[in-house]
Amino acid sequence: MIDEPYRWMEAISNRREYIEHQLASGSPIAALSYRDGILFFTLGRERQKIFEIYDRIGMGAIGHPGDIERLRMAAIEMTSAEGFTRSAHDVSLRRLTTYSLSPALKAAFEQVYGAPYLARMLFAELGRGEAPNLFVRMEYDGSIHTNGGTFSRAFEHFGAIAGTGAATEAMERFLRERSKPEATLEEALKTAMDAWALGHLALGAENPEADFSAEQVAAHRTEQLAGASVEAGVLDRQARTAVTWRSLPDAQARTILAA
């Protein structure tokens with residue numbers, strides 16, 4: 001009996017190591033504010049990684065496709081039920097992540113005799129009126145990282161996820177310097193592409209914390225664009241309907257990136 005807490009802690013440590021290994025190769029996802037809304041961006045080869053959740057909420061995720069789908073459907077059901085029983089204005093990303101998804105992820109992670117979720121998620125919510133856009137990164141253990149606005153950290157107009165913490169941090173450093181909430185969609189798309197390329201470089205690097213030159217990022221961007229499809233979508237503040245999500249076709253995104 002005395003050993004039980006230590007066995008549990010060892011099991012949790014092993015579980016965390018296993019999940020991190022499974023997620024390590026996940027293609028990065030960048031989301032950033034621009035003049036007319038929020039842009040989600042990634043490159044992929046097979047599976048969809050970016051999704052609409054509700055009128056003003058989008059999601060990107062990496063991990064096991066089955067777990068991503070389960071979490072996506074849970075998010076859709078939760079927001080739809082909230083909007084139906086109360087109103088669309090009552091649906092919020094903070095409520096979805098803090099009171100619904102986070103407890104479910106935490107419970108699955110800590111129940112060592114059950115299967116955890118192999119997924120890392122990035123959510124964004126388009127702010128109403130003068131309210132800022134909200135970005136939330138959620139981990140497989142239920143932990144939440146928001147885009148600031150507290151006494152300890154300045155507000156940030158972006159979010160990012162990648163297969164490793166080092167790659168995510170590299171993208172965040174880049175976006176902290178380069179992303180501009182007043183940018184056009186074309187400018188935001190190019191910034192997101194560069195952030196993706198930097199994060200993807202960090203995934204395969206022997207020293208993921210190294211500083212990559214602009215030439216290295218540009219060369220990697222060109223190489224990866226040639227062999228993968230662009231997946232992008234926006235939450236459009238100028239939309240004339242309650243649903244603000246729209247996808248950006250691969251051809252349209254490539255035309256912008258080539259300009």
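Let's start with a pair of helices. Helix 4 passes helix 5 in a right-handed crossing. This is a predicted model, so please hear everything today in that light. Helix 4 covers residues 165–178, and helix 5 covers residues 185–204. Their axes come within 8 Å. They cross at roughly 150°. The cut-off for roughly antiparallel is an angle over 145 degrees. Helix 4 and helix 5 are therefore roughly antiparallel to each other.

Next, the sheet. What is the strand order in the open sheet of 5 strands? The order is 3-4-5-6-7, and the pairing is antiparallel. Strand 3, residues 50–54, stands at one edge, and strand 7 at the other. Each has a single partner strand, so one side of each is left without a neighbour in the sheet. Neighbouring strands here are turned by 25° against each other on average, ignoring direction. A quick reminder for newcomers: strands of a sheet pair through backbone hydrogen bonds, either parallel or antiparallel.

Let's look at strand 6 in that sheet. Strand 6 runs over residues 134–138. Is strand 6 mostly covered or mostly open? Mostly covered: 5 of its 5 residues are buried. Both faces are covered. On one side sit Leu-134, Val-136 and Met-138. On the other side sit Phe-135 and Arg-137. Note that Arg-137 is buried along with the rest.

Now the partners of strand 6. Strand 5, residues 119–125, is joined to strand 6 by 5 bridges, and the two run antiparallel. Two positions to find on screen: Glu-125 stands opposite Leu-134, and Ala-124 has Phe-135 as its bridge partner. Then comes strand 7, residues 144–146. It is joined to strand 6 by 3 bridges, again antiparallel. Here Val-136 is partnered with Thr-146. Strand 6 and strand 7 form a hairpin with 5 residues between the strands. Look at Gly-142 in that hairpin: its phi is positive, near 90°.

On to strand 1. Strand 1 spans residues 29–34. How many of its residues are buried? The count is 6 of the 6, so strand 1 is largely enclosed by the rest of the structure. Ile-29, Ala-31 and Ser-33 point one way. Ala-30, Leu-32 and Tyr-34 point the other way. Both sets are buried.

Which strands does strand 1 pair with? One is strand 8, residues 158–161, running antiparallel and joined by 4 bridges. In that pairing, Ala-31 meets Gly-159. Another is strand 2, residues 37–44, antiparallel over 5 bridges. There, Ala-30 meets Phe-41. Strand 1 reaches strand 2 through a hairpin of 2 residues.

Last stop: helix 3. It has 18 residues, from 93 to 110. From first C-alpha to last, helix 3 reaches 24 Å. That is close to the 26 Å expected at 1.5 Å a residue. Where does helix 3 bend? At Leu-101, by about 40°. A proline, Pro-103, follows within four residues. Leu-101 is also one of the buried residues of helix 3. Others on that list include Leu-93, Leu-96, Thr-97 and Ser-102. Further along come Leu-105, Ala-108 and Phe-109.

To recap with three places to visit: the bend at Leu-101 in helix 3, the positive phi at Gly-142, and the right-handed crossing of helix 4 and helix 5. Thanks, everyone.

Conventions: Residues numbered from 1 in each chain as written. Predicted model: local features only at pLDDT ≥ 70, side-chain atom pairs only at ≥ 80, totals over all residues. Heavy atoms only, no water. Buried < 20%, exposed > 50% of the residue type's maximum accessible area, 1.4 Å probe, protein only. Pairing = 2+ DSSP bridges. Expected span 1.5 Å × (residues − 1). Bend = angle between axes of the 7 residues up to and from the residue. Axes fitted to C-alpha atoms, helices over the stretch in contact; angles between N-to-C directions. Parallel < 35°, antiparallel > 145°, perpendicular 65-115°, else oblique. Left-handed = near helix turned anticlockwise from the far one by under 90°.
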